[in-house]
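Here's a quick briefing on a protein model, grouped by topic. Have a look at the sequence and the coordinates first, then read on.

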Amino acid sequence: MYFAALLARTEDGWEASDTELDDVETLSDLTDLARDASVDEDTVLVFIEQEDAWFGVVRVDGEEDPRIYVSDASAAARSSYGEILLTDELLGREPGAEDTIAALEELVGLDGTEDGEPNTADNNDNDDDDEPGAAVVPAGPIGDTGVLSDLGLPEAELLMLRTDALAEIADALGAAEVLETVR
């Protein structure tokens, strides 16, 4: 179960709205959604949470590039909404590198066997990386840990959040009541 909400900063404080991510396929789509909710190009935060498994915060300030924090990258990588946040840049890899490697392996058949020869490689090598690129996704937090520092939530506190994190973030920002209205 997912929860997603937008918090837009205004002159009068924060305005919250729940949001559907069904039509969001990329970080660019998510950033556009946040910018559409912005008042006078002020700060907009996008909160995404998957039932205590992970949460993410995307901060959009006007036309600046979005700033992203994900509490557990490996858990988010197993989620369609998490994959939106885990960009190549955030993971520190070349854009499209994963797709290029997969395409080359498929084209050339780099599974270590000759054509027509059965693959006898030991499949019990205790490597649980069933998804492409899973090895390059670190366990634990990733991204901009200072994404909320100037709004009242220091990096150290953000890193310690686990369960009910979005409520604690909203409380630190002075937006707990408005976030609760969309929950």
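A quick word on exposure before anything else: a residue is buried under 20% relative accessible area, exposed over 50%, and partly exposed in between, using a 1.4 Å probe and protein chains only. By that yardstick Asp144 is partly exposed, with a relative accessible area of 25%. This is a predicted model, so local features need pLDDT of at least 70 and side-chain atom pairs count only at pLDDT 80 or more, while totals for chains, interfaces and linings use all residues. Residues are numbered from 1 along each chain as its sequence is written, and side-chain values use heavy atoms, with hydrogens and water left out.

**Salt bridges**

- The structure holds six salt bridges, a salt bridge being a side-chain nitrogen of Lys or Arg within 4 Å of a carboxyl oxygen of Asp or Glu.
- Asp144 pairs up with Arg67 in one of these, at 2.6 Å from N to O. Asp144 sits in the loop between β6 and α6 and Arg67 in strand β5 (residues 67–70), so the contact ties together parts that are 77 residues apart in sequence. Helices (H or I, at least four residues) and strands (E, at least two) are DSSP runs, numbered from the N terminus.
- Arg67 counts as partly exposed, at 26% relative accessibility.
- Asp150 forms a salt bridge with Arg59, and the closest N and O atoms are 2.6 Å apart. This one links distant parts of the chain: Asp150 is in the loop between β6 (142–143) and α6 (155–160), and Arg59 is in strand β4, 91 residues apart.
- Is Arg59 buried or exposed? Arg59 is buried, with just 3% relative accessible area, whereas Asp150 is exposed at 56%.
- Asp42 and Arg9 also meet through their side chains, in a salt bridge of 3.6 Å, N to O. Asp42 belongs to the loop between α1 and β3 and Arg9 to strand β1, so the pair ties together parts 33 residues apart in sequence.
- Asp42 is partly exposed at 26% relative accessibility, and Arg9 is partly exposed too, at 28%.
- Glu49, Asp164 and Arg183 are linked in a network of salt bridges.

**The end of the chain against the 17–18 stretch**

- Arg183 lies in the segment after α8 (176–182) and is partly exposed at 38% relative accessibility.
- Measure C-alpha to C-alpha and Arg183 is 9.1 Å from Ser17 in space, with their positions 166 residues apart in sequence.
- Val182 lies in helix α8 and is buried, with a relative accessible area of 16%.
- Val182 and Asp18 are 164 residues apart in sequence, yet their C-alpha atoms are 5.4 Å apart in space.

**A negative patch**

- Which residues gather in a patch of negative charge on the surface? They are Asp18, Glu20, Asp22, Asp23, Glu25, Asp29, Asp32 and Asp36.
- Patch members need over 30% relative accessible area and no salt bridge; like charges are joined within 9 Å, and nonpolar side chains (Val, Leu, Ile, Met, Phe, Trp, Tyr) within 5 Å. Asp and Glu count as negative and Lys and Arg as positive, while His and the chain ends are not counted. The charge is placed at NZ of Lys, CZ of Arg, CG of Asp or CD of Glu. Accessible areas come from the Shrake-Rupley method with a 1.4 Å probe, and for residues only the protein chains shown count as cover.
- Helix α1 (residues 27–37) supplies the largest share of the negative patch, three residues.
- Asp23 is found in the loop between β2 (13–18) and α1, and is exposed with a relative accessible area of 70%.

**Backbone oddities**

- Most residues other than glycine have a negative phi.
- Glu41 is not a glycine, but has a positive phi of about 55°. Glu41 lies in the loop between α1 and β3 (43–50) and is exposed at 53% relative accessible area.
- Asp52 has a positive phi as well, near 60°. Asp52 is in the loop between β3 and β4 (54–61) and counts as exposed at 52% relative accessibility.

**The β1–β2 hairpin**

- Strand β1 (residues 2–10) and β2 pair in the antiparallel sense over six bridges; two strands pair if DSSP finds at least two bridges between them.
- A hairpin joins β1 to β2 through two residues, and the bridge partner of Thr10 in β2 is Gly13.
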